Every structure is written in structure tokens, then in C-alpha cells.
Amino acid sequence: MTHKAFLEHIRPFQDKIYRFAKRLLISKDEAEDTSQEILLKLWQQNQKIKDIQNLEAYTMTLTKNLCYDKLKAKSSENVSLTNIKYETKNHISLQKEIETTDMLEKVKNIINELTDQQRMVMQLRDIEQYEFEEIEKITGIKEATIRVILSRARKAVREKLLTFEY
């Protein structure tokens with residue numbers, strides 16, 4: 001496979017690889033390194049790429065596994081989602097903007113308290129917008145279990161948000 005053909009296969013989800021790695025590893029530099037490692041692994045397997053049914057799911061699984069390997073190597077217990085940037089309209093008042101920023105910080109802290117599995121499933125489904133079948137291929141977790149994990153994660157976030165005083 002030529003370099004150009006390889007890039008055409010990978011380019012549609014190249015940014016997802018980086019974002020997913022960044023969410024799991026937190027560090028921008030580590031996410032960039034991981035993305036490059038994944039691309040290198042794929043390039044080394046470029047003759048096999050055409051035989052892979054769902055290249056995106058395969059690539060995201062590689063990314064997840066490599067990130068977990070790096071986290072295990074660091075003996076890190078705190079995997080968290082990085083800041084999610086939301087666009088705010090220019091005409092929103094300063095008060096509303098402060099309230100929104102405060103609420104996003106509260107949600108981020110609540111999500112950081114979830115289990116690794118809950119954070120990963122929530123990341124893939126709610127942020128990356130993957131379908132349940134794709135998440136099953138990436139994580140190796142059955143769809144029904146994914147739905148339960150996601151439901152419990154959302155419920156935990158919702159319940160903790162309701163306990164905050166406004």
C-alpha cells in the first residue's frame with residue numbers, strides 16, 4: 001500500500017485517535033506520542049489493513065490498549081477526561097458565562113470520580129458519539145453491559161449534580 005493510500009484510509013478518524021488518547025492519558029504530549037505510535041503500528045501492518053473489516057474500530061481498540069498499557073506502566077490511578085471546550089455565544093452575559101464555566105467544572109469533577117470503565121464508555125458514547133456496536137468492538141464489552149455502565153454513569157453524574165447548591 002502506498003503512503004497516499006494509507007493516509008486516505010486513516011485520515012477520516014486520525015483526530016479521533018488523538019482525542020481519545022488525550023482523554024485517557026490527559027497529557028497532550030503523551031496523546032501525541034500515542035497517536036504517532038498507533039499510526040506507526042498501522043503503517044507497519046499496512047498490507048493487512050485491507051483485510052480488516054472495521055478499520056476505525058480496530059484503530060480505536062489499538063489506541064485504548066496502548067493508552068492502558070502506558071497508564072499501567074506509570075501506575076496511575078487517576079484517569080480523567082480533559083477539559084471539554086464548549087463554544088459560547090458572544091452575546092451571553094458575563095454572569096451566565098461564569099455560571100456555565102462553574103457548572104462545566106462541577107461536571108468535570110463529578111466525571112473524574114467515576115470508575116475508569118464508566119469514564120471510558122461515557123467518553124466514547126457521549127463525547128465521541130460512537131454507536132453501541134462500535135463501542136463493543138473497541139472495548140470488548142457486550143452491548144447490554146455498555147448500556148448498563150453508561151446508564152449508571154449518567155445517573156451518578158445526575159445525582160451528584162442535584163446535590164450541589166446553586
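The following passage describes salt bridges in a predicted model, together with the helices and the accessibility of the residues involved.

In this predicted model, local features need a pLDDT of at least 70 and side-chain atom pairs count only at pLDDT 80 or more, whereas totals for chains, interfaces and linings use all residues. Residues are numbered from 1 along each chain as its sequence is written, and side-chain values use heavy atoms, with hydrogens and water left out.

The structure holds ten salt bridges, a salt bridge being a side-chain nitrogen of Lys or Arg within 4 Å of a carboxyl oxygen of Asp or Glu. One of them joins the side chains of lysine 106 and aspartate 102, with a distance of 3.4 Å from N to O. Both residues of this pair belong to helix α5 (residues 94-112), where lysine 106 and aspartate 102 are four residues apart, or about one turn of the helix; helices (H or I, at least four residues) are DSSP runs, numbered from the N terminus. Lysine 106 has a relative accessible area of 14% and is therefore buried, while aspartate 102, at 39% relative accessibility, counts as partly exposed. In these terms, buried means under 20% relative accessible area, exposed means over 50%, and partly exposed lies in between, as computed with a 1.4 Å probe on protein chains only.

A salt bridge is also formed by lysine 155 and glutamate 159, whose closest N and O atoms are 3.9 Å apart. Lysine 155 and glutamate 159 both lie in helix α8, separated by four residues, which is about one turn of the helix. Lysine 155 is partly exposed, because its relative accessible area is 45%, and glutamate 159 is likewise partly exposed, at 43% relative accessibility.

In the salt bridge between arginine 154 and aspartate 126, the closest N and O atoms are 2.4 Å apart. This pair links distant parts of the chain, since arginine 154 is in helix α8 (residues 143-163) and aspartate 126 is in helix α6 (residues 116-127), with their positions 28 residues apart in the numbering. The relative accessible area of arginine 154 is 34%, so this residue is partly exposed, and aspartate 126, with a relative accessibility of 29%, also counts as partly exposed.

Helix α8 also contains alanine 144, which is exposed, with a relative accessible area of 56%. The C-alpha atom of alanine 144 is separated by 8.9 Å from that of phenylalanine 132, a residue twelve positions away along the chain.

Conventions. Helix = DSSP H or I, 4+ residues; strand = E, 2+ residues; numbered from the N terminus.
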